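Work through these exercises with the structure open beside you. Each task is followed by a stepwise solution.

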Amino acid sequence: MNRYFYYLIIVNMIANIVACVPRILLEARTKGAIVSMILALITGTMVTYTMARFFNKFPGKGLPELLKEYTSKWIEIPLLMLLTVGWFAAGLTTLINYSFLLKRFLTPDMPLQWIASIFLCFISFGILMSSKSVLYTLETILVFNIPLVILIMIKAYTSEGMEWDFVKESIMYIYHTPSYSAFSAALFSSIGAVNLIIFNRVFTKKQRMTLPQLGLIFFTLIGNLATTYFIPMGYIGFYHLDRIVYPWVFTSDSLRLEFGFIERVLFIFLVLYLAVSFLSILIHWHVVIELLKKMIWLERFKWKEHNLTPYLFVVVFWFISLQVASHLTEYQVTLYTSYFLNCLPAFLIATFLVLWLIKRRAAT
């Protein structure tokens, strides 16, 4: 598979360490979180394999083109609308969550709307780029950030402050009935491959998903979910996690780089995940822009022969984002994010039913 395919998966995994996913998983620690993560790992790997195998049959084509070619309008438009709403919500939750996080830990005196606006300025430029340029941006930022991610993970696992007894205690709840909310949250970290619905346009050559490649993805997902769930527990404890909004921020503040130019890992962590969160929003909202272009295109909305319809979408993104930032609290953002994640399996089922229909019609 193309290396950019792996980048899409990696960004989705890393970005959710900061968002609401770890909090949802840790809240379900006595309610079957481990079993839920195991089920999500299996499901997420199947989703990745299915998406890769499906789009490998249609090199250079995204889902909108395939829907137009093989389905009718009454299937095409509802599915595109469903994906648009879902992927916009995914980017919005990351934006608002990280804005709250920056306000609490780095810029407490700055209004939340200003923080969100600064984010939006950079994101607005990025989402209007071509899909190939977005992938180049993705690669450039990841090349500089992945070594830092690996460094923080190694430090977290090897530090003396890591109490493995809490991890052992959590494993005792492995026989509990799985939690649907925990399953949905863990699944969201595992489905970066779904972004192929747009980015497959860039993969013009036929790709191939081999068993070793799928195994690499599977074990990477295991490492990501295990780190997301067990590391905060090892540093914070097993019994008081419900009171902490950002478990991984508190965990990073427990780490020290004695010989580093910045001793507190917290500051490195926040800057690192600022970049990763930007990439996550960039990917999700670029997909949304491309989906909207297939549904709404105002031919006469031009200026100097340049169509302004995508800029209209960006204005709508700004309006919705700032309204949400103005009226929602941290608790409400977490609550609504959990609602969105609970809807995720239904999103995927609807998408795969349509992919099955496309594959069947393409074969006839």
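**Exercise 1. A bridge from Glu65**

In this predicted model, which side chain meets that of Glu65 in a salt bridge of 2.9 Å, N to O?

Solution.
- Step 1. Look for the partner. The side chain of Arg201 meets that of Glu65, at 2.9 Å from N to O.
- Step 2. Place both residues. Glu65 lies in helix α4, while Arg201 lies in the loop between α10 (196-199) and α11 (211-236), so the pair ties together parts 136 residues apart in sequence.
- Step 3. Check the cover on Glu65. Its relative accessible area is 24%. Buried would need under 20% and exposed over 50%, so Glu65 is partly exposed.

**Exercise 2. Extend the bridge to a network**

Find the salt bridge between Glu65 and Lys294, then list the network to which the two belong.

Solution.
- Step 1. Take the distance. The side chains of Glu65 and Lys294 meet at 3.6 Å, N to O.
- Step 2. Locate the ends. Glu65 sits in helix α4 and Lys294 in helix α13 (residues 265-295), so this pair ties together parts that are 229 residues apart in sequence.
- Step 3. Classify Lys294. Its relative accessible area is 43%, so Lys294 is partly exposed.
- Step 4. Follow the shared partners. Salt bridges join Glu65, Arg201, Glu290, Lys293 and Lys294 into one network.

**Exercise 3. Count the bridges and inspect another pair**

How many salt bridges does a search of the whole structure find? Then describe the pair of Glu69 and Lys61.

Solution.
- Step 1. Search the whole structure. The count is 7 salt bridges.
- Step 2. Turn to the named pair. The side chains of Glu69 and Lys61 meet in a salt bridge of 3.0 Å, N to O.
- Step 3. Classify Glu69. Its relative accessibility is 45%, so Glu69 counts as partly exposed.
- Step 4. Classify Lys61. Its relative accessible area is 29%, so Lys61 is partly exposed.

**Exercise 4. Two surface patches**

Which residues gather in a patch of positive charge on the surface? Which form a nonpolar patch on the surface, with about 330 Å² of accessible area together?

Solution.
- Step 1. Pick out the positive patch. Arg53, Lys57, Lys206 and Lys359 gather there.
- Step 2. Place one of its members. Lys57 lies in the loop between α3 (33-56) and α4 (63-70).
- Step 3. Classify Lys57. With a relative accessible area of 41%, Lys57 is partly exposed.
- Step 4. Pick out the nonpolar patch. Leu312, Val316, Phe319 and Ile320 form it, and together have about 330 Å² of accessible area.
- Step 5. Place Leu312. Helix α14 (residues 309-327) holds Leu312.
- Step 6. Classify Leu312. Its relative accessible area is 35%, so Leu312 is partly exposed.

**Exercise 5. Disulfides and two cysteines**

How many disulfides does the structure hold? Classify Cys121 and Cys343 by accessibility.

Solution.
- Step 1. Recall the bond. A disulfide is a covalent bond between the sulfur atoms of two cysteines.
- Step 2. Apply the cut-off. With sulfur pairs required to lie within 2.5 Å, the structure holds 0 disulfides.
- Step 3. Classify the cysteines. Cys121 has 46% relative accessibility and counts as partly exposed. Cys343, at 39%, also counts as partly exposed.

**Exercise 6. Sequence separation and space**

Buried, partly exposed or exposed: where do Phe183, Leu138, Asp253 and Ala363 fall? For each, compare a separation in sequence with a distance in space.

Solution.
- Step 1. Start with Phe183, in helix α9 (residues 180-188). Its relative accessible area is 15%, so Phe183 is buried. Phe183 and Ile34 are 149 residues apart in sequence and 9.1 Å apart in space, C-alpha to C-alpha.
- Step 2. Move to Leu138, in helix α7 (residues 131-158). At a relative accessible area of 1%, Leu138 is buried. Its C-alpha atom is separated by 17 Å from that of Ser189, 51 residues apart along the chain.
- Step 3. Take Asp253, in the loop between α12 (247-252) and α13. Its relative accessible area is 25%, so Asp253 is partly exposed. Asp253 and Ser170 are 83 residues apart in sequence and 22 Å apart in space, C-alpha to C-alpha.
- Step 4. End with Ala363, in helix α15 (residues 330-363). At 68% relative accessibility, Ala363 counts as exposed. Ala363 and Leu92 are 271 residues apart in sequence and 38 Å apart in space, C-alpha to C-alpha.

Notes
Residues are numbered from 1 along each chain as its sequence is written. This is a predicted model: local features need pLDDT of at least 70, side-chain atom pairs count only at pLDDT 80 or more; totals for chains, interfaces and linings use all residues. Side-chain values use heavy atoms; hydrogens and water are left out. Buried means under 20% relative accessible area, exposed over 50%, partly exposed in between (1.4 Å probe, protein chains only). Patches are made of residues with over 30% relative accessible area and no salt bridge: like charges are joined within 9 Å, nonpolar side chains (Val, Leu, Ile, Met, Phe, Trp, Tyr) within 5 Å. Accessible areas come from the Shrake-Rupley method with a 1.4 Å probe; for residues, only the protein chains shown count as cover. A salt bridge is a side-chain nitrogen of Lys or Arg within 4 Å of a carboxyl oxygen of Asp or Glu. Lys and Arg count as positive and Asp and Glu as negative; His and the chain ends are not counted. The place of a charge is taken as NZ of Lys, CZ of Arg, CG of Asp or CD of Glu. Helices (H or I, at least four residues) and strands (E, at least two) are DSSP runs, numbered from the N terminus.
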